[in-house]
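Please find below my note on the model, set out as numbered points. I have kept to what can be read from the coordinates.

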Amino acid sequence: MASPPPPRAVLILLLLLLPHNAAAAGADSTAAAASPAAVNPFTAKAAFIRYWNRKVPNNHPHPAFFVAKLSPLPAADSASFPSSLPDIRARLPALCSKAGLLCPGPVASADAASLAAAGAPRTGGGPFKGYSNGNFSNYGTGGESGADSFRNYSPDLNIAADSFRRYARDSSGRADRFESYESDGNVVTSNFTSYAGGATGGSGTFASYAAETNVPDSTFSNYDAAANGRARGFSSYSQEANHGESGFSGYGKNGNGVRETFSSYGNESNVLASGFANYGESGNGATDTFSGYGVEGNVPENTFRSYGAGGNAGVDTFKRYRDDANVGDDRFSSYAKGANGGAAEFSNYGNSANPGSTTFKGYGEGTNPNHHISFKEYAGENITFKGYAKSGVDFKGYHNTSGAAAAAVSAEAAASTMRHEHLKWSPEPGKFFREKELVAGNRMPMPDIRDKMPPRAFLPRDIASKIPFEPAALSEAFGLPLDTAMGKAVAETVAECRRAPSKGESKRCATSAEDVVDFAVEMLGRDVVVRSTASTAGSGGEVRLGNVTGVDGGRVTRSVSCHQSLFPYLVYYCHSVPKVRVYEADILAVADGNGAEGGGGAGGEKIINHGVAICHLDTSDWSPTHGAFVALGGKPGEVEVCHWIFEGDMTWTVAD
């Protein structure tokens, strides 16, 4: 006997759950890989694909790169997602795992009890190898001689959170060494509080500290305070770091004979902010050397406040300070105020590729006449000196690029100024290029287009809407203290999303995949497609272009570009970009001198990637100091600027 047909309501439900473009999905293998045909129809991912098909009914395949970002939540977990912040916090570990979120991991405790359990004495007992996310409280207090070594500490983590409290306090003759500390991390936070306070003798070395990190946040508070005869060296500090900050507060306060050396500090970093507050306050015989500070950095921001105040016979040396940096801002406030016999030597200061601004306020101020402050080869503009010591100051080769100062400089200084008009700082080769370079056969450098953000997924819209989009609520929900690197990144993302749009800009922060599609449709209409560079192959090397095709027939068009923001779940900053041309290009591996490339035949070059590039035709509202003009020359409004769409980002256009 035949089974009765299913009820009409069930048939309608099954039809609604079927993918809208199931027929088109089988047309080619790429589309099949991205097709929702194999997706469980009751998941959040399938629900979004049905939403996409209703909003954009053009039967174009769903790109795999976008589908991979959709929420992996099963239906039951999606339906039972808690709506209150305390409940979200209580279920956070399970939710982070199932929803593909970015959440802080467990913090390893390293207090006296846990160290004893691990067989290490309370007064030290390194070396530590392969240690991650540690919280050291009361470590090495009162320790005598010996050495501590931290190697490969918190490497390659998405979120690193390390805390050293009361480290080596009142120790004697101990040597501390940190090698490869928090290197290659994504969002790293380290706090050194009361480090080596009251210690006598000994030394400490930080080698390769926070190198190549993305959004570092380091704080040194009361570091070496009241120490006696300590030597401290920072080598390769925050080298090639991206968009972070470091703070030194109360560093060496009341210390005696403390020697600090900063070598290669923040060199080649991008938008790194450093703050030195109450550094060396009331110290005796402190010797600080800053060598290679902020060299070739991009928009560095350095603040020296109450530096060396009340000190006695302190000596500071600044060499190659901000050499070849791109713009930036330095502030020296109340520097060596009330000090006795302070000496500072600024050698080769401010030779920036693009000039920034420097403020000296209350520098060497006080009644003591024993200061000796020397500026050699000081260059710059926007320089302000206020409350400056009236004696003991020596300017050699000082030149300012403003008209009034230029008339007073020596011929030698003027010649030096001319030399520094050549812009040495430049973005990574290939990051920006001209439209004429997008032709088949052209050989060009490919920048590092790899996605530097930690892996995360979208939250479904109905879940994202339950979490208030404001820093305090997000901090509570995801356990992210606002004074950590990740907490600050969340606050910056919220602030940027609330910022009023620029002139001619339409913008939206998309907190769900549905929001991304809605904004693209609102700006461009329902017949749209989304594109991104297929992979990272060729990244950071020389490539050759194969077939190049202009989207929409190569006509001037409008696009919607979306860039990732740093957040516990995927949030995209999307903005409508007028007057652009978008191109797709085959990217070929460059053959060697014999005409061959690994895996390819002689006389041919293998296609290794498929790139998407966007050319901005109207740059009139761009900043004159934008890296594109540094790399390509020209001024805002004079030249068009092209760049590749990096991994993780995307651009929407009308369909061809």
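The points go from the chain as a whole to its disulfides, one helix pair and a few single residues.

1. The coordinates are those of a predicted model, and everything below should be read in that light. In the protein chain, the secondary structure comes to 16 helices and 33 strands. Of its 656 residues, 49% count as buried, and the accessible surface comes to about 27,300 Å², with 52% of that area belonging to carbon and sulfur atoms.

2. On the contacts within the chain, the figure to note concerns pairs with a separation of 6 or more: residues 24 or more positions apart account for 76% of these contacts in the protein chain.

3. How many disulfides does the count come to? The count comes to 4 disulfides, and when the bonded cysteines are counted along the chain, the pattern is 1-2, 3-4, 5-6, 7-8. Three of the links are taken up in the points that follow, among them the one between Cys96 and Cys103.

4. Cys96 and Cys103 are joined with an S to S distance of 1.8 Å, and their link is left-handed, with -80 degrees about the S-S bond. Both partners are buried, Cys96 as well as Cys103.

5. The sulfur atoms of Cys562 and Cys574 lie 2.2 Å apart in a disulfide, and this link is right-handed, with 115 degrees about the S-S bond. Because Cys562 belongs to strand β29 (residues 557-565) and Cys574 to strand β30 (residues 571-589), the pair ties together parts that are 12 residues apart in sequence. Are these two cysteines buried or exposed? Cys562 counts as buried because its relative accessibility is 0%, under the 20% cut-off, and Cys574 is likewise buried, with a relative accessible area of 0%.

6. A disulfide is also formed by Cys615 and Cys642, whose sulfur atoms are 2.0 Å apart; the link is right-handed, with 105 degrees about the S-S bond. Since Cys615 lies in strand β31 (residues 607-616) and Cys642 in strand β32 (residues 641-644), the pair ties together parts that are 27 residues apart in sequence. Cys615 is buried, as is Cys642.

7. Strand β30, which holds Cys574, also contains Val580, and the surroundings of this valine deserve a look in the viewer. Val580 counts as buried at 0% relative accessibility. If neighbours within four places in sequence are left aside, Val580 is in contact with Arg555, Val556, Thr557, Arg558, Ser559, Ile614, Cys615, His616 and Leu617; one of these, Cys615, is the disulfide partner of Cys642. The C-alpha atoms of Val580 and Asp618 are separated by 7.8 Å, although the two residues are 38 residues apart along the chain.

8. Lys579 is likewise found in strand β30, and its backbone merits a check, for it has a positive phi of about 55 degrees although it is not a glycine.

9. How do helices α4 and α15 pack, and at what angle? Helix α4 (residues 44-55) and helix α15 (residues 513-524) pack at an angle of about 10 degrees, with their axes 10 Å apart. The two helices are therefore roughly parallel to each other, the angle being under the 35 degrees that the term requires. On the α4 side the residues that meet the partner are Phe48, Tyr51, Trp52 and Lys55, and on the α15 side they are Ala513, Glu514, Val517, Asp518 and Val521. The residues of this contact divide into 6 nonpolar, no polar and 3 charged.

10. Asn59 is found in the loop between α4 and α5 (64-67). This asparagine has a positive phi of about 60 degrees although it is not a glycine. Asn59 counts as partly exposed because its relative accessibility is 40%, a value between the cut-offs of 20% and 50%.

11. A last residue to consider is Gly198, placed in the loop between β7 (187-195) and β8 (203-209). Gly198 is partly exposed, with a relative accessible area of 27%. The C-alpha atoms of Gly198 and Ser172 are separated by 9.1 Å, the two residues being 26 residues apart along the chain.

Notes:
Residues are numbered from 1 along each chain as its sequence is written. This is a predicted model: local features need pLDDT of at least 70, side-chain atom pairs count only at pLDDT 80 or more; totals for chains, interfaces and linings use all residues. Side-chain values use heavy atoms; hydrogens and water are left out. A disulfide is a pair of cysteine sulfur atoms within 2.5 Å. Buried means under 20% relative accessible area, exposed over 50%, partly exposed in between (1.4 Å probe, protein chains only). Helices (H or I, at least four residues) and strands (E, at least two) are DSSP runs, numbered from the N terminus. Contact means heavy atoms within 4.5 Å. Accessible areas come from the Shrake-Rupley method with a 1.4 Å probe; for residues, only the protein chains shown count as cover. Axes are lines fitted to C-alpha atoms, for helices over the stretch in contact, and angles run from 0 to 180 degrees between N-to-C directions. Angles under 35 degrees count as roughly parallel, over 145 as roughly antiparallel, 65 to 115 as roughly perpendicular and the rest as oblique. Ala, Val, Leu, Ile, Met, Phe, Trp, Tyr, Cys and Pro count as nonpolar, Asp, Glu, Lys and Arg as charged, and the others, Gly among them, as polar.
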